[in-house]
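Subject: Structure handover

Hello,

Here is the structure you asked to look at. My notes follow it.

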Amino acid sequence: MYTHRGYPDFSKGRLHSRYDFISITLAEVWMNTKAVMPQSPPPTRHAGAIIRHLKYSLGASPKKALPQSLYQATALAVRNHLIDKMMETEDRYTQRKAKRVYYLSLEFLMGRSLGNNLHNLGLFDAFSETLTDMGADLEELREQEHDAALGNGGLGRLAACFLDSMATLGLPGYGYGINYEFGLFKQEIDNGYQKEKPDNWLVDGTPWLIHHPEAACIIPVYGHIQHAEDRDGHYNPMWMDWKTLIGVPHDMPIAGYGGKTVNTLRLYAARSSDDFDMDIFNTGDYLKAVEQKMTSETVSKVLYPSDAMESGRELRLIQEYFFVACAIRDIVARYKRSHTNFDAFADQVAIQLNDTHPALAVAELMRLLVDEHALEWDQAWQTTCATFAYTNHTLLPEALEKWPVSLMEHVLPRHMQIIFEINHRFLADVQSRWPGDTQRPATMSIIEEGHPKQVRMAHLAIVGSHSVNGVAALHSELVKKDLLPDFFALYPDRFSNKTNGVTPRRWLLKANPGLAKLIDSQLKRPWVTDITNLTDLVPLSRNPDFQKTFKAIKQANKKRLSKIIWDTTRIVVSPDSLFTIHAKRIHEYKRQLLCLLHIIHQYLALVEDGIPPKIPRTYIFAGKAAPGYDAAKRIIKLINSVGDTINNDPRVGNHIKVVFIPDYRVSLAEKIIPAADLSVQISTAGKEASGTGNMKFALNGALTIGTLDGANIEIMEEVGQENIFIFGLTAEEVHEINVSRTYRPWEIAENTPTIRRLLDAIGSGRFSPDDPSRFIPVCETLLSEYDPYLHLADLRGYIAAQEKAEACYADPVRWTEKAILNVAHMGKFSSDRTIREYAEEIWHAAPCL
């Protein structure tokens, strides 16, 4: 049977194969349930566990153990507690028939786990004491741990914060992702240029992953569709001659604060099937058979393989499908253990898609329900839409994923059929809603017509979900108004805002223990699980004794970072200077270049005009550029070149220092963020979805200099306009300039001598005497009317805002009061609040404590 436009009826089908599938705190938390920090076992018990693991798990002599072995043994001892709690948690969920939440994300930027787990289990002091008695130092052992390289930037770190909050709140929440053997890359700076090195975070193994080969599953790829009919004469496509990947799960325990709940992050590694392709093997081509096996295992080898070549794009598509196929199969299997049909599936299962990378989960769940469990299409589709929810993380149209139809048909022929059928039925709804409108169906279609035809993954996620949310108030409005207005018109009730948040356990309690202890000493109400109670600091913001201690803690953090800067860059910086920090992924829209233009302006004012900064300044950059992003990598080179010039100019002295700290990662961020005085959040208005770095910096007592973009707006609303330095165009003004094409950057340069001077300095080779033309492309971008990030339009406002910040910092009492008030008003930006909103308004899931 064939449908409209000649497409077969793809609502039925099955996989044809001879194989079967293998299938807490001191604070009150949600629902008035109290989580109490558990009593820690005596230190001698911990020592015994550590020694046993040294001997029997690692084969190491306790008397001769190296630091790495002692770290591993300590982590394994902590893991014992985690596993006990994890099993208790799972039993509790099962007994209470709790609805479960599954968070699908291609990234989970977990960082290091030892310290975080000890804090959340309430064992930090006990283990520290035990290790001291054994002649070891816990802080030194924590440095032995490699950051879990399972993510890149804000997307993955947000996912990690959400897992922490779900466990802390007692929500039955599970993460699903890929167990990457190598992270994005390890960044080194060589002659000012970014160099990418393999980030083999598993080189020493990890005690935090529990291997479950018995739960491996078979994932089909490639093959072709055989068009057939069933015994009743209905169209019944069969997926034939597919190849297999094996998904092997590795579980990472996620401890909630208080230790009562330990959830699971399940990460899949790709393995080839146990057997070689015997047809290839029997022809004598053993090497080809081995090569095929190795190719299968590259799927989980590295985060974000380059898509510059067709083979890279194919690998990325397989990677995205592999992890959602493993996840959906695991979710369905867990549900089927206690249910005989799918009538209650959406009542027991909520699946959140973190951006478009997991969007293929919509087609995969439909395939399982229709092909393998014989549900009628309408029932399967109703179940699918009621189960899925989608979070959008970008306003950049080019960042919304698309896959060529031809590639999808090659790799996933059955899924492409299902997507065609979903789209056919969806477009019928669009035409029914707007009869006679020929433009909307083309704009809204999941299939983008053109050469080549492409699958719009965001559209698939929206159509297949009951909820679509943005991650900051401005972002969510722009999603509805500018990015997806037709979908909002069709599904107005699906759209909502869920402003991002960060976990205070890692980003204050763990990262800034000095400040955490100060807060503990002053607050009567608990704050670790309810940071709205930090408002109790407001009356202390002008207290001289509190200010003195607060400043001393900040100074100690700055001294620690100064040592890291010396160790990694051999640049001496003064902790007494104003630490201005721009630490995030290197991208043109995040405008590291705008920050650098101000630095150059300040440098030229000093050496040519004799006007020094009002106070000594240290500018600190950190972040990675995507390996194929030439413009971003050029910005890194320019930062380092400007730094070399300024840091070695005797006329500058200690007035200005410029530093680029290499290999930005979670464990480094935990040292950078507490040391910041001024947090730079200057993306072009309307480009940043939310940002979470802005929240972490403010929570640690940094003032923000920023645009009216992302969550900056909500931070300003919480802390007060007088406690933040806001400048620049609004999102509406940016939109108007882009629509009217009235941006004339060369006129700004011609009419502003100081701007013309700094552009001349860049373009003339002042910062690249060995190659004077090296940075001409930067100037060309800045002077182009097509610069979508409007650097020069905001430059004068940014310079003025920096001057205000300097003047404020010159008054230590006033600055410290503002810093304390920033900490006090961060209550809204806890990921606990965000997760409560998801649970109540999207997932309809309750805590199970």
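How many of the 13 residues of H11 are buried? The count is 12, so H11 is largely enclosed by the rest of the structure. Please keep in mind that this is a predicted model.

Helices

The buried residues of H11 include Leu-360, Val-362, Met-366 and Leu-369. Charged residues are also found among them, namely Glu-364, Arg-367 and Asp-371. Helix H11 covers residues 360-372, and with 1.5 Å a residue its expected span is 18 Å; the C-alpha atoms at its ends lie 17 Å apart, which agrees. Just past the end of H11, Ala-374 has a positive phi of about 60 degrees.

Helix H6 (154-168) is mostly covered too, with 14 of its 15 residues buried. For H6 the expected span at 1.5 Å a residue is 21 Å, and the end C-alpha atoms are 21 Å apart, so the two agree. The helix is followed by Gly-170, whose phi is positive and near 75 degrees.

Cavities

The largest cavity holds about 160 Å³ of space. Its lining is made of 14 residues, and those nearest the centre are Met-110, Asn-116, Asp-164, Ile-254 and Arg-506. H6 appears again here: together with helix H3 (114-121) and strand S12 (243-255), it is one of the elements that each supply at least two lining residues. The largest share, four residues, comes from S12. By type, the lining has six nonpolar, five polar and three charged residues.

The second largest cavity has a volume of about 90 Å³. It is lined by 16 residues, with Tyr-71, Glu-145, His-146, Gly-205 and Thr-206 nearest its centre. Helix H2 (residues 67-95) gives the most to this lining, three residues. Here the division is six nonpolar, seven polar and three charged.

Nonpolar core

In soluble globular proteins, nonpolar side chains tend to be buried together. The largest nonpolar core in this model has 280 residues, and those that touch the most other members are Leu-104, Met-408, Ile-419, Trp-527, Leu-537, Leu-561 and Trp-843. Helix H9 (residues 310-336) provides the largest share of this core, 13 residues. At least three residues of the core come from each of domain 1 (100-112 + 147-498) and domain 2 (558-831).

H9 also contains Arg-334. Is Arg-334 buried or exposed? Its relative accessible area is 15%, so with the cut-off for buried set at under 20%, Arg-334 counts as buried. The C-alpha atom of Arg-334 is 27 Å from that of Gly-258, and the two residues are 76 apart along the chain.

Backbone points to check by eye

Most residues other than glycine have a negative phi, and most peptide bonds are trans. The peptide bond from His-451 to Pro-452 is cis, with omega near 0 degrees. Pro-452 sits in the loop between strand S17 (447-448) and strand S18 (454-456).

Tyr-222 is not a glycine, yet it has a positive phi of about 65 degrees. It is placed in the loop between strand S9 (217-221) and strand S10 (224-226).

His-844, also not a glycine, has a positive phi of about 55 degrees. It belongs to the segment after helix H33 (831-843). With a relative accessible area of 55%, His-844 is exposed.

Regards

Notes. Residues numbered from 1 in each chain as written. Predicted model: local features only at pLDDT ≥ 70, side-chain atom pairs only at ≥ 80, totals over all residues. Heavy atoms only, no water. 1 Å grid on protein atoms, 1.4 Å probe; cavity = no way out; pocket = protein on both sides within 12 Å on 5 of 7 lines; lining within 4 Å. Points joined across faces, edges and corners; volume = space filled by probe spheres on them. Expected span 1.5 Å × (residues − 1). Buried < 20%, exposed > 50% of the residue type's maximum accessible area, 1.4 Å probe, protein only. Core = buried A, V, L, I, M, F, W, Y, C linked by side-chain atoms within 4.5 Å. Domains from an automatic or database assignment.
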